[in-house]
Every structure is written in structure tokens, then in C-alpha cells.
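Here is a report on one protein chain, with sequence and coordinates to hand. It moves from the overall fold to single helices, then to charge pairs and loops.

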Amino acid sequence: MFALDTKKVPIAARSAPLLEFGGWLRTLREEADRTGPEVAQKIGVVTSNVYQWELGYCLPSLEGDLPRKYARLLGTTVTELRKRHKEARIQVKRMQREATSNFIV
């Protein structure tokens, strides 16, 4: 999982890209008429992971079979899943750099 360093990123800004990515995941899950526990069981993670991703607390690790299984369950492609994941990760890293540079005295 990719989590944020909450000490460096302002609360108001830290979740913006993760919330966007998570909202997309949740929308896809709901459109596929799947529950969080069902998705978790089918992709091999605990239910809280699915909800943490959807609520923007962290990003899923897209290694192994997870991207293929997750994309299939949500009705999207692995390419689209990876693309949106990468965009969110880049935005988070940019925010972390900006927050870090604001703390340098």
C-alpha cells in the first residue's frame, strides 16, 4: 500500500488525489453491483483495505494478480486502473514535496 506521511501534507490537501481515485473505485464497485466484502474476498485482501482505498486513506499495491482481478471485478481494464493509480501517486508525491519545501526554514 502507498500511504501518506500525514506529518508533512496538510489535512485539507493530503487526500485530494486519493479521494478522487478512491471515489472512482467506489463508483465502479457500485456500478458492478458488488459489496466491499465481496470484492475483498475475491481479490484476496481484507475488507478494510477496500474501504480504505475507496475513502482515500491509501492506494492499493498493484502487484501480482491484484490489478487483473480488481479490474475484472470492477468492469474496467488493467491499463485504466494502472493509469489512474499512477496519476494519483504522482499527485501525492508532488504534494508531499511541496509540503516538505514549506517546512524548510
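Residues 24 or more positions apart supply 66% of the contacts in the protein that have a separation of 6 or more. Contact here means heavy atoms within 4.5 Å. This is a predicted model: local features need pLDDT of at least 70, side-chain atom pairs count only at pLDDT 80 or more, and totals for chains, interfaces and linings use all residues. Residues are numbered from 1 along each chain as its sequence is written, and side-chain values use heavy atoms, with hydrogens and water left out.

**Overall fold**

The protein has six helices and two strands. Their order along the sequence is β-α-α-α-α-β-α-α. Helices (H or I, at least four residues) and strands (E, at least two) are DSSP runs, numbered from the N terminus. Of the 105 residues, 37% are buried. Buried means under 20% relative accessible area, exposed means over 50%, and partly exposed lies in between (1.4 Å probe, protein chains only). The protein exposes about 6400 Å², and carbon and sulfur atoms supply 52% of that area. Accessible areas come from the Shrake-Rupley method with a 1.4 Å probe; for residues, only the protein chains shown count as cover.

**Helix α4 and its surroundings**

Which residues of α4 are buried? They are Asn49, Val50, Trp53 and Glu54. Seen down the helix axis, the buried residues of α4 fall within an arc of 130°, so they line one face of the helix. The arc is that of the directions from the helix axis to the C-beta atoms. The cover over these buried residues includes α2 (16-31), α3 (36-43), β2 (58-59) and α5 (66-74).

Leu55 also lies in α4, which spans residues 47-55. Leu55 counts as partly exposed, because its relative accessibility is 47%. Together with Tyr51 and Tyr57, Leu55 forms a nonpolar patch on the surface, with about 320 Å² of accessible area in total. Patches are made of residues with over 30% relative accessible area and no salt bridge: like charges are joined within 9 Å, nonpolar side chains (Val, Leu, Ile, Met, Phe, Trp, Tyr) within 5 Å. Just after α4, Gly56 takes a positive phi of about 85°.

**Salt bridges**

Side chains of opposite charge can pair when their charged atoms come close. A salt bridge is a side-chain nitrogen of Lys or Arg within 4 Å of a carboxyl oxygen of Asp or Glu. A search of the whole structure finds five salt bridges. Among them are the following.

| Acid | Base | Closest N and O atoms |
|---|---|---|
| Glu30 | Arg26 | 2.8 Å |
| Glu54 | Arg29 | 2.6 Å |
| Asp65 | Arg68 | 3.5 Å |

Glu54 and Arg29 form a salt bridge. This pair links distant parts of the chain: Glu54 sits in helix α4 and Arg29 in helix α2, 25 residues apart. Both Glu54 and Arg29 are buried.

Arg26 and Glu30 are four residues apart in helix α2, so about one helical turn separates them. Arg26 is partly exposed, with a relative accessible area of 40%. Glu30 is partly exposed too, at 43%.

Asp65 has a relative accessible area of 44%, so it is partly exposed. Arg68 is partly exposed at 39% relative accessibility.

**A buried histidine**

Is His85 buried or exposed? His85 is buried, because its relative accessible area is 7%. His85 lies in helix α6, residues 78-103. Leaving out residues up to four places away in sequence, His85 touches Phe21, Leu59, Pro60 and Leu62.

**Two loop residues**

Thr77 sits in the loop between α5 and α6. Thr77 is partly exposed, with a relative accessible area of 45%. The side chain of Thr77 reaches the backbone nitrogen of Glu80 at 2.9 Å. A polar contact is a pair of N or O atoms within 3.5 Å; within protein, one must be able to donate a hydrogen and the other to accept it, and residues adjacent in sequence count only if both atoms are side-chain atoms. Thr77 and Pro67 are ten residues apart in sequence, and their C-alpha atoms are 8.8 Å apart in space.

Asp33 is in the loop between α2 and α3. Its phi is near 55°, a positive value in a residue other than glycine. Asp33 counts as exposed, because its relative accessibility is 68%.
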